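Hi,

Here is the structure I promised to pass on. Have a look at it first, and my notes follow underneath.

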Amino acid sequence: MSKTKSEVWKYFEKKTNGCAMCKVCGKILRTSGNTSNLMGHLNKMHKLPHDTNLKSLNKKEKAMSSHCTPGTSTETENNDSSNVLPFDASLSTNTLSSSLSTSSSVTGHFSNQPTLEWSLNKISSFSSGGQKHIKITEAIIYFICKDNQPFSVVEDIGFVKLMKEVAPLYKVPTRNTVKARILQKYDVVSSNFRCILKEIENITVTTDIWSEMMTTKSYLGVTIHFIYLSKLCSAALGIFELSKSHSASYISDELLNVMHLWNIPKSKILAVVTDNDSTMLKAIKENFGENRHLRCFAHSINLVAEGSIKKVDGLIDLISKVRNIVKFIKRSVNCSDELRQFQEKDGNNIKKLILDIVTRWNSVYYMCKRFLELKEVINQIVLKHVNAPPMLNGQDIENIKQIVNILEILEKVTSEISGQKYATMSLVIPIISCINDKLNTVLPTSRIGVELKTALTVEMKKRFELIELNYLLSVSTILDPRFKNIHFKDSVALSKHLRFINSSINGMVSLPAEEDYHSTDSASTSESGTIDLWGHHKQLAQKSLKKYVDKTNIGNQKHLGPELTMYLSTPVSSLKTDPLISWEELKPLYPFIYNLALKYLSGVCTSVPSERLFSCASNTISKTRNRLCGKSASKLIFLNNLDDQFWP
């Protein structure tokens with residue numbers, strides 16, 4: 001008679017050298033001539049009785065797979081049926097067994113057969129109006145809005161197949177249904193957002209004009225920035241089509257219409273940030289006053305860099321030489337291949353050459369910096385091709401190095417002040433102070449380097465000499481615990497701002513008189529890179545700490561009031577701290593200054609958020625959405641840029 005085979009071998013597969021592999025978890029075990037070790041593994045790791053019949057289990061799995069999941073009790077199913085998806089009845093036994101082998105709970109016992117009521121509830125939850133149907137549809141709407149997908153994506157073959165696999169009982173809506181649901185979603189979300197804006201006391205607006213090339217239409221983009229729940233938040237109100245000539249009065253009226261649409265009164269607007277376009281300057285001045293207007297600091301830095309480069313004799317020609325070499329290599333397939341092959345041969349990471357863009361000065365910096373990184377490889381390529389532009393000589397390379405070292409200061413500044421998730425208005429005066437100090441420490445040796453440094457110094461003085469007279473920038477800097485008054489050089493202007501803060505605390509005035517202040521041209525803080533942009537600030541912070549230790553600074557401002565005097569007499573906070581978080585900690589000590597600080601730390605100093613808005617708009621109004629009207633595009637952009645905390 002043949003020996004009876006143990007039931008354990010239904011869970012194991014024999015291997016060579018007296019070993020066996022568990023079919024559930026794949027672990028290799030030694031048999032030692034018996035099945036005791038294998039039984040112990042089943043009882044300990046999988047809790048399967050060794051006498052379980054696999055054939056009957058597979059039949060039960062197949063019968064129950066379309067109704068329940070492993071390890072789920074009937075009571076749990078009845079209590080939370082909306083959160084459990086039924087299995088696809090078309091799954092084969094092999095597919096189910098494969099999925100069981102990848103889970104630690106695959107050996108759990110199946111529950112009893114579900115009731116008819118439970119099954120009907122599961123099916124009805126996927127029908128129109130059901131709980132599952134609503135959740136999946138909301139997820140699809142979120143996906144289309146956040147990822148800038150066309151409405152027709154719900155009718156694409158791949159998307160339909162995906163939904164059939166994920167939720168076979170769910171009926172995918174048509175593009176028209178999705179469009180209608182998104183517009184309904186906008187109505188709900190925008191209504192809730194308007195209610196939130198009613199609670200906000202101070203709002204900073206950034207605006208700019210964008211021309212869409214595909215439809216040849218112009219749009220006014222508007223973003224807002226405010227503090228909500230002790231965090232700096234931002235939102236894109238949308239893009240609004242301009243149908244008339246871009247005169248100052250027309251732009252002014254359109255901007256007021258946008259504010260009226262979102263129920264934002266003028267009294268709540270702390271500042272309006274635009275570029276240096278004369279039409280924009282006039283429009284904002286007429287509507288909101290010169291004291292509430294800020295010129296984009298990033299745009300001003302851009303003008304400083306461009307103006308300085310133009311003033312240096314021979315610098316534009318030198319940059320043109322670099323540009324011609326970069327163009328030659330990028331336009332040639334053979335040269336591009338050689339560039340990649342030489343880098344692979346040297347074992348370096350593959351880098352591409354960067355070509356500058358006329359409208360962005362920092363692209364010149366990136367082009368020259370990458371050229372220096374790849375100059376050895378570029379030299380080999382240029383020497384191989386007769387028709388290549390001439391390679392730069394040693395003096396030209398040295399000039400490029402010094403240019404990059406000087407322009408790196410402005411590039412770091414641009415990156416620092418272009419954020420919209422942290423306070424940047426208070427960074428302007430300290431960062432200008434640090435730029436001037438850093439320029440003084442740079443010691444170029446070539447003629448071009450010396451002239452570029454001189455030109456930058458002159459341009460900085462021309463545009464920012466009177467920056468401390470701007471009350472928005474000055475007050476926000478003083479109320480930032482990281483800076484306070486340590487960067488001010490104009491004692492008269494500082495005294496005027498301190499009196500204004502003291503008067504505001506006492507409730508005497510809300511806004512300085514126009515004739516007392518004059519608007520001038522106008523960043524979380526990072527310290528990465530080769531240049532320590534904030535080195536000068538650290539030195540001033542150390543001096544401030546010494547004054548506090550020596551008690552020499554206490555009492556100098558007694559005429560300002562005890563709270564403001566004590567605030568200015570204490571050391572500045574660390575550069576890495578968030579000023580809004582710091583003020584939550586300082587609130588018990590300075591309750592009156594706290595409210596004023598939240599007002600002036602809610603602003604940004606650049607119109608970069610508006611430019612980012614136009615990048616989003618170019619992705620929204622695309623070839624796949626060329627029939628999208630301006631109003632629908634504006635609603636999609638609002639939903640796309642809205643923080644999840646405002647998305648119900």
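**What I found**

Let's start in the middle of things: alanine 455 sits in helix α18. Before going further, please note that this is a predicted model, where local features need pLDDT of at least 70 and side-chain atom pairs count only at pLDDT 80 or more, while totals for chains, interfaces and linings use all residues. Residues are numbered from 1 along each chain as its sequence is written, and side-chain values use heavy atoms, with hydrogens and water left out.

Back to Ala455, which is buried at a relative accessible area of 7% (buried means under 20%, exposed over 50% and partly exposed in between, with a 1.4 Å probe and protein chains only). Its C-alpha is 5.0 Å from that of serine 308, although 147 residues of chain separate the two. Helix α18 covers residues 447–464 and also holds leucine 452. Leu452 is buried too, with a relative accessible area of 0%. From the C-alpha of Leu452 to that of aspartate 313 is 9.3 Å, across 139 residues of sequence.

**The chain as a whole**

The chain has 26 helices and eight strands; these are DSSP runs, numbered from the N terminus (helices are H or I, at least four residues; strands are E, at least two). Of its 648 residues, 50% are buried. It exposes about 32,400 Å², and carbon and sulfur atoms account for 52% of that (areas by the Shrake-Rupley method with a 1.4 Å probe; for residues, only the protein chains shown count as cover).

**The largest pocket**

How much space lies in the largest pocket? About 870 Å³. The residues closest to its centre, out of 25 that line it, are Thr359, Arg360, Asn362, Val608 and Glu611. For the record, a pocket here is an open set of points on a 1 Å grid over the protein atoms alone, where a 1.4 Å probe fits and protein lies on both sides within 12 Å along at least five of seven lines; lining residues have an atom within 4 Å of a point. Points are joined across faces, edges and corners, and the volume is the space filled by probe spheres set on them.

Which element gives the largest share of the lining? That is α25, with six residues. Elements that each supply at least two are β4 (203–212), α11 (297–311), α14 (362–373) and α25 (608–620). By type, the lining residues come to nine nonpolar, ten polar and six charged (nonpolar: Ala, Val, Leu, Ile, Met, Phe, Trp, Tyr, Cys and Pro; charged: Asp, Glu, Lys and Arg; polar: the others, Gly among them).

**Rings**

There are 21 aromatic pairs, counting rings of Phe, Tyr and Trp (its six-membered ring) with centres within 6.5 Å; planes under 30 degrees apart are stacked, over 60 edge-to-face and the rest tilted. One of the pairs is tyrosine 142 with tryptophan 647, edge-to-face, with 5.2 Å between centres and 85° between planes. Tyr142 is partly exposed at 30%, whereas Trp647 is buried at 14%.

Tyr186, Phe193, Phe226, Tyr228, Trp262, Phe638 and Phe646 make up one aromatic cluster. Trp262 also has the charged end of arginine 194 over its ring, 4.5 Å from the centre (the rule: NZ of Lys or CZ of Arg within 6 Å of the ring centre and within 35 degrees of the ring normal). Elsewhere, lysine 14 lies over the face of tryptophan 9, at 4.9 Å from the ring centre.

**Loops and a strand**

Most residues other than glycine have a negative phi. Asparagine 148 has a positive one, near 55°, in the loop between α6 (131–146) and α7 (157–166). Asparagine 263 has a positive phi near 55° as well, in the loop between α9 (248–261) and β7 (269–274). Are they buried or exposed? Asn148 is buried at 17% relative accessibility, and Asn263 is partly exposed at 43%.

Leucine 479 is in the loop between α19 (471–478) and α20 (491–505) and is buried, at 0%. Serine 426 is 53 residues away from Leu479 in sequence and 8.1 Å away, C-alpha to C-alpha.

Lastly, lysine 231 belongs to strand β6 (residues 231–242) and is exposed, at 57%. Between Lys231 and tyrosine 422 there are 8.3 Å, C-alpha to C-alpha, and 191 residues in sequence.

Cheers
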